[in-house]
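Biologist: I'd like to learn how to read empty spaces in a protein model. Could you take me through one, feature by feature?

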Amino acid sequence: MSTSKSKAMIILLLLGLMLVGTTAAPCKALVLEAGGDKGAYQAGALKGLYEALGGKEIDYDVVSGVSVGAINAMGVSIFPSGEEKELTDWMIEFWEGMTRDKVFVNWPYSVAEGLFWHKGLFNNSVFIDYVKEMAPRKELFKKVTLGATDLKTGKFVRFTEKLGFEDLGYKGSRASSAIPGIFPAVDFMNMTLVDGGVENYLDVGGAIDRCKEIANKDEEITIDIIMCNGNTLEEVDTTDFNTIDVVMRYRAVKKYRDEMKWVNDALMNFPRVNFRYLVIPERPLSGSIFFTKKHTRNLINLGMEDAQKAVEKGPYSEFHQVKGIMQGVYA
């Protein structure tokens with residue numbers, strides 16, 4: 001082989017390697033916390049992010065959810081890139097249309113039947129009927145991770161879009177949100193599954209793992225988180241505190257630290273990842289398993305307001321606050 005041909009082949013080989021090395025791209029992920037019946041807050045928060053940032057900034061490559069966050073993660077995953085307005089409108093419609101009888105019903109012999117003959121007090125199979133009715137399509141357009149807890153092993157289990165729409169949507173999301181004792185445990189893939197929040201309220205690690213299938217390094221990963229629990233913690237003037245004020249402040253600080261543990265762990269474990277917006281309730285959200293329209297609308301409005309405030313504070317600001325409070329200071 002001539003020298004010129006050898007050089008040409010080497011050049012082509014190097015060009016090929018360069019092209020392979022540039023196939024990775026930045027990855028945006030949305031992480032949705034477990035939150036019982038507070039999913040409407042997340043729907044409002046996503047709408048608020050859309051209105052404040054525009055569709056391009058919430059065009060996520062990856063979505064991760066646990067419990068009610070898993071239900072919302074499925075909702076996000078069935079809308080392709082470019083349909084962010086349709087997605088956020090649909091999420092609001094989905095939660096506004098939800099009523100108690102679309103989520104769960106009594107067994108024929110009431111809770112006694114659930115207590116002794118089933119794996120949950122209430123029958124939530126009707127919720128799958130509601131999902132089938134509301135879902136605009138049966139395709140998945142995102143990398144999605146739903147977390148559940150396997151009662152057999154005690155392990156946190158992740159399900160992905162590789163299962164396909166029906167298994168992930170009808171079994172994976174139902175398993176992830178099966179509140180132990182309330183809704184029946186789900187037997188699936190030789191596991192007995194309940195709410196993922198038993199093990200992990202906020203699966204940031206799962207989202208980052210999936211993003212690494214797209215991005216080459218942590219610096220190319222951007223994470224937004226929408227919480228359902230906790231509350232913001234502002235600095236207060238303690239000059240005139242009495243005993244009751246001290247106890248109330250202690251309770252507020254402890255609750256904040258308990259809820260933010262999941263966020264702080266993520267910040268500590270993935271220091272090079274870009275944690276962008278953290279939407280967190282300004283005050284603890286009330287729950288209602290009856291899904292009244294008034295309560296649902298209130299949660300949606302609060303989510304929208306808190307998301308817009310998070311954007312106004314600027315990217316990274318809420319995460320900086322969490323890090324500062326959780327990691328402490330030297331006096």
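**Reading the spaces**

Modeller: Let's start with the second largest cavity: its lining has 3 nonpolar, 1 polar and 5 charged residues. For these classes, Ala, Val, Leu, Ile, Met, Phe, Trp, Tyr, Cys and Pro are nonpolar, Asp, Glu, Lys and Arg are charged, and the others, including Gly, are polar. One caution: this is a predicted model, where local features need pLDDT of at least 70 and side-chain atom pairs pLDDT 80 or more, while totals for chains, interfaces and linings use all residues. Numbering runs from 1 along each chain as its sequence is written, and side-chain values use heavy atoms, leaving out hydrogens and water.

Biologist: Which residues line the second largest cavity?

Modeller: The charged ones are Glu 282, Asp 306, Lys 309, Lys 313 and Glu 318. Thr 232, Leu 278, Ile 280 and Ala 310 line this cavity too. Helix H11, residues 293-313, supplies the largest share, 4 residues. Helices (H or I, at least four residues) and strands (E, at least two) are DSSP runs, numbered from the N terminus.

Biologist: And what is a cavity, as against a pocket?

Modeller: On a 1 Å grid over the protein atoms alone, a 1.4 Å probe fits in a cavity but cannot get out, whereas a pocket is an open set of points with protein on both sides within 12 Å along at least five of seven lines; lining residues have an atom within 4 Å of a point. Points are joined across faces, edges and corners, and the volume is the space filled by probe spheres set on them. Here, the whole structure has 3 cavities of 30 Å³ or more. The second largest cavity holds about 60 Å³, and the largest cavity about 150 Å³.

Biologist: Which residues are closest to the centre of the largest cavity?

Modeller: Look for Ile 71, Met 74, Gly 75, Trp 90 and Val 131, out of 14 lining residues. Two or more lining residues come from each of helices H3 (68-77), H4 (84-96), H7 (125-134) and H8 (165-176). H3 has the largest share, with 4 residues. By class, this lining has 10 nonpolar, 4 polar and no charged residues.

Biologist: Now the pockets, please. What is the volume of the largest pocket?

Modeller: The largest pocket has about 260 Å³. Its lining numbers 18 residues, and Gly 36, Val 103, Ser 177, Phe 183 and Phe 291 are the closest to its centre. That lining is made of 12 nonpolar, 4 polar and 2 charged residues.

Biologist: What lines the second largest pocket?

Modeller: That pocket, of about 190 Å³, is lined by Leu 267, Phe 270, Pro 271, Val 273, Asn 274, Phe 275, Tyr 316, Phe 319, His 320 and Lys 323. Strand S8 (274-279) and helix H12 (317-327) each give two or more residues to the lining. H12 gives the most, 3 residues. The classes are 7 nonpolar, 2 polar and 1 charged.

Biologist: Last topic: are Ile 58 and Trp 117 buried or exposed?

Modeller: Relative accessible area decides: under 20% is buried, over 50% exposed, and in between partly exposed (1.4 Å probe, protein chains only). Ile 58 is buried because its relative accessibility is 2%. You'll find Ile 58 in the loop between helix H2 (39-53) and strand S2 (62-66). Its C-alpha atom is 9.4 Å from that of Ser 81, which is 23 residues away along the chain. Trp 117, in helix H6 (residues 110-117), is exposed because its relative accessibility is 66%.
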